[in-house]
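Could you walk me through this fold, strand by strand and then helix by helix? I have the model open and would like to follow along.

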Amino acid sequence: METQLPLEQYRLLVEHAPTMVWRAGLDGLCNYFNATWLRFTGRTQEQEVGNGWVSGVHPDDMKRCMEIYLSHFERRQAFEMEYRLRRHDGVYRYIFDRGVPFTDDAGQFAGFIGSCVDVHERREADRAKATFLALATHELRTPLTSMQMYLEAVRRQLAQGEPVANGALTRLGAQLERVSALVQDLEDTGRLDADMPLVLRKEELDLAALVEPLVAHHREANTFRSRGRQRHSIELSLGPGPWRVLADRQRLEQVVNNLLTNALKYSPQGGTLRVTLARAGDVLELSISDPGIGIPAADIPLLGRRYFRASNVSAENFSGLGLGLSLVKDILEAHQGGLRIQSEQGRGTTVTVFLPEAPTGGRS
């Protein structure tokens, strides 16, 4: 047996629904907007009724919006559309609007009723995802193309009975490392997006012993890329040890490699990178400073967000997916550590990693 709600309860449901609700009469003009719509637009019922609501639609969307609405109203067919509507603070937000015809008690067509939801975040997320996929494809294609070229050079040398040039193999290895690091970042990001924790295999490590070979590797790679002369120099300063941490070796290497790669990449004019290891109480501090392009002050609080890139970089001038620092942050948090970024646009950046010192003989 169906139980109908009293009319007053229906009115309260519509008026205070979380969605924005509107109604139009037989003439196609809107004659009602619920409280949620009015709060969103910051306007009164009197301002919105009739065609008043149209003034809030973005000028670039207005023609399409009205064409869809009027054509479906004339045919008395339900419609769905997205358009930008001005919020009370003047910001245009994408909303999803669905309108359906309704009838009166006699079963006669009486107009349209519709509901709208704010989908701006969803659209922004979809756009960010599409941009990310495009960048990921580009980031993978570049080293793969280089690897194909170097392999072809090796094939020609072997076919001609010539010794394989060491330079081609070295370049091939560098590109393979680049692909491997990118795949690792993509895999980790996928796990985190799926709310799956990072897998950690902790052991007691000496942080200095971990950092030193990584710095040496980047020095060597930098010298090779610069055809025998160092475009960048890397100074390593270690305070008195020991530097015990309870950590996953592979994950910490991922952190240090990521930060060194960023420091080199965002210092296109070369210069000196400074890597220092210090202690503050029972916390170990690893700092990497570069003389590069720096980061706009407004962007610094956003750097830990997935897919975010500073406003002074682009895919055209600096490659990247906006994953590195977010993964560094997640890895450090999984080690009960942290990250601090200090930067000034045009004057370089210092990134400091904080890790708790391990007690003697610690295991996990």
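β1 and β5 run antiparallel and are joined by five bridges. To find this pairing on screen, go to Met20, whose bridge partner in β5 is Cys116. Keep in mind as you look that this is a predicted model.

Now stay with β5 and look at its other partner. Nine bridges tie β4 to β5, and this pair is antiparallel too. Two pairs of residues make handy landmarks here: Phe96 has Val117 of β5 as its bridge partner, and Pro101 has Phe112, again in β5. These two strands make a hairpin with five residues between them, and in that hairpin Gly107 takes a positive phi near 85°.

From β4 (residues 92–103), step across to β3: eight bridges join the two, and they run antiparallel. Glu80 is a good place to check this, since Glu80 stands opposite Arg98 in β4. β3 and β4 form a hairpin as well, with five residues between them, and Gly90 in the turn has a positive phi of about 90°.

Put these pairings together and what do you get? The answer is an open sheet of five strands in the order β2-β1-β5-β4-β3, with antiparallel pairing. Which strands stand at the edges? They are β2 and β3, and each has a single partner strand, so one side of each is left without a neighbour in the sheet. On average, neighbouring strands here are turned by 30° against each other, if you ignore direction. As a general reminder for reading the view, side chains in a regular strand alternate between the two faces of the sheet.

Next, bring in the helix that covers this sheet. Helix α4 (residues 59–75) lies across β1 (20–24), β3, β4 and β5 (109–118), and it runs at about 150° to β3. Follow the chain out of α4 and you come to Arg76, in the loop between α4 and β3. Arg76 deserves a second look: it is not a glycine, yet it has a positive phi of about 60°. Most residues other than glycine have a negative phi.

With that part of the model in view, look for empty space. How many cavities of 30 Å³ or more does the structure hold? It holds one, with a volume of about 60 Å³. Its lining is made up of Trp22, Cys30, Phe33, Trp37, Trp53, Tyr69, Phe79, Met81, Tyr83 and Asp97. The elements that give two or more residues to this lining are β2 (30–33) and β3 (79–86). The largest share, three residues, comes from β3. Sort the lining by chemistry and you have nine nonpolar residues, no polar ones and one charged.

Further along the chain there is another set of paired strands to trace. Strand β7 (residues 232–238) is joined to strand β9 (residues 271–280) by seven bridges, and here the two run parallel. Ile234 makes a convenient marker, as it stands opposite Leu273 in β9. β9 also pairs with strand β10 (residues 283–290), again through seven bridges, but this time the strands run antiparallel. On that side, Arg274 has Ser289 in β10 as its bridge partner. The hairpin of β9 and β10 has two residues between the strands, and Gly281 takes a positive phi near 70° in it.

Last, turn to a pair of helices. The axes of helix α8 (residues 249–265) and helix α9 (residues 324–334) come within 10 Å and cross at roughly 145°, and the crossing is left-handed. Which residues meet there? From α8 come Arg251, Gln254, Val255, Asn258, Leu259 and Asn262, and they meet Gly324, Leu325, Leu327, Val328, Ile331 and Leu332 in α9. The residues of this contact divide into seven nonpolar, four polar and one charged.

Carry on past α9 and you reach Gln336, in the loop between α9 and β11 (338–343). Gln336 is a residue other than glycine with a positive phi, near 60°.

Note on methods. Residues are numbered from 1 along each chain as its sequence is written. This is a predicted model: local features need pLDDT of at least 70, side-chain atom pairs count only at pLDDT 80 or more; totals for chains, interfaces and linings use all residues. Side-chain values use heavy atoms; hydrogens and water are left out. On a 1 Å grid over the protein atoms alone, a cavity is a set of points where a 1.4 Å probe fits but cannot get out, and a pocket is an open set with protein on both sides within 12 Å along at least five of seven lines; lining residues have an atom within 4 Å of a point. Grid points are joined across faces, edges and corners, and a volume is the space filled by probe spheres set on the points. Helices (H or I, at least four residues) and strands (E, at least two) are DSSP runs, numbered from the N terminus. Ala, Val, Leu, Ile, Met, Phe, Trp, Tyr, Cys and Pro count as nonpolar, Asp, Glu, Lys and Arg as charged, and the others, Gly among them, as polar. Two strands pair if DSSP finds at least two bridges between them. Axes are lines fitted to C-alpha atoms, for helices over the stretch in contact, and angles run from 0 to 180 degrees between N-to-C directions. Contact means heavy atoms within 4.5 Å. A crossing is left-handed if the near helix is turned anticlockwise from the far one by less than a right angle, and right-handed if clockwise.
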